[in-house]
Amino acid sequence: MNFNSKNPFLNSKRFSSATSKAEEVHQAQIIDYNQEMTVSGTINKTAILFLILCGAAMVTWWMAFNGMNPMLPTIGGAIIAFILVIVSAFKPQASPYLAPGYALFEGLFIGGISAIFELKFPGIVINAVGATLVTFLVCLGLYKFKIVKVTEQFKSVVIAATLAIATYYLISWVVSMFTSFTPVHHGNSMMSIGISVFVIIIAALNLFLDFDLIEKGAKEKMPKFMEWYGAMGLMITLVWLYIEFLRLLAKLSSKD
């Protein structure tokens, strides 16, 4: 079976590897339903990670609005969360321990970034949260009722677009570090706003790939720990989507 996703977490090698391990275990012993990945189990674990992330975000948010500098936990949280993602990508079986850690440290980062945007543009955070939630629910509904079908062509287009975005961001960042070049996506020009809208659309389309991979993982009866792995991957996409909404709303607010 072909598992493809640009989500750096939910990719073919990881899921294929997990499937192989599941098959080996099936040959050794009988596994009951409670030891297999399920869609509902992944949803429950996503909810747990979301609550952990929100709880951690409140820490740096509180620091920012009570006269303390939240930059250390914000930057530290981003770095540690990234490390945990990399480690879990190579060791999916450790996801039950790494996923909550990721949510905790990513929450510190999200809380700090959100506070910075909120201080500059009051009310922007609640709008970004609402936009992210609505986008998630709409995409989930479209996928659940088969209005949007994840075909191989659909996957190829989304993956290609996501790779293009990642490459553009990376090159822009590197060039701007060593020159006075200002990336096109900075500022509040119509071009910059258009790029943000495009990135948000691609981030939302990645949700369909994530839903598809989780559903197929459950059908393939992957090991139970893959629920944490799938939930962590879905959270990565949601965080990306939320940050892009923050950036878009900030650009629109700065034009007023």
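Phenylalanine 65 is partly exposed in this predicted model, with a relative accessibility of 38%. Its partner is tryptophan 61: the two ring centres are 4.9 Å apart and the planes stand at 35 degrees, so the pair is tilted. That angle falls between the limits of 30 degrees for stacked and 60 degrees for edge-to-face, which means neither of those terms applies. Tryptophan 61 is likewise partly exposed, at 31% relative accessible area.

A second pair is formed by phenylalanine 154 and phenylalanine 208. Here the centres lie 6.1 Å apart and the planes meet at 85 degrees, so the arrangement is edge-to-face. Phenylalanine 154 belongs to helix α6 (residues 152-178) and phenylalanine 208 to helix α7 (residues 190-219); the contact therefore ties together parts that are 54 residues apart in sequence. Both rings belong to buried residues, because a relative accessible area under 20% counts as buried and the values are 17% for phenylalanine 154 and 4% for phenylalanine 208.

The accessibilities of the four residues are set out below.

| Residue | Relative accessibility | Class |
|---|---|---|
| Tryptophan 61 | 31% | partly exposed |
| Phenylalanine 65 | 38% | partly exposed |
| Phenylalanine 154 | 17% | buried |
| Phenylalanine 208 | 4% | buried |

In total, the model contains five aromatic pairs. One aromatic cluster is made up of Phe136, Tyr143 and Phe211. Tyrosine 143 also has a charged neighbour: lysine 146 lies over the face of its ring, at 5.2 Å from the ring centre.

Technical notes
Residues numbered from 1 in each chain as written. Predicted model: local features only at pLDDT ≥ 70, side-chain atom pairs only at ≥ 80, totals over all residues. Heavy atoms only, no water. Phe/Tyr/Trp six-rings, centres within 6.5 Å; stacked < 30°, edge-to-face > 60°. Buried < 20%, exposed > 50% of the residue type's maximum accessible area, 1.4 Å probe, protein only. Helix = DSSP H or I, 4+ residues; strand = E, 2+ residues; numbered from the N terminus. Lys NZ or Arg CZ within 6 Å of the ring centre and 35° of its normal.
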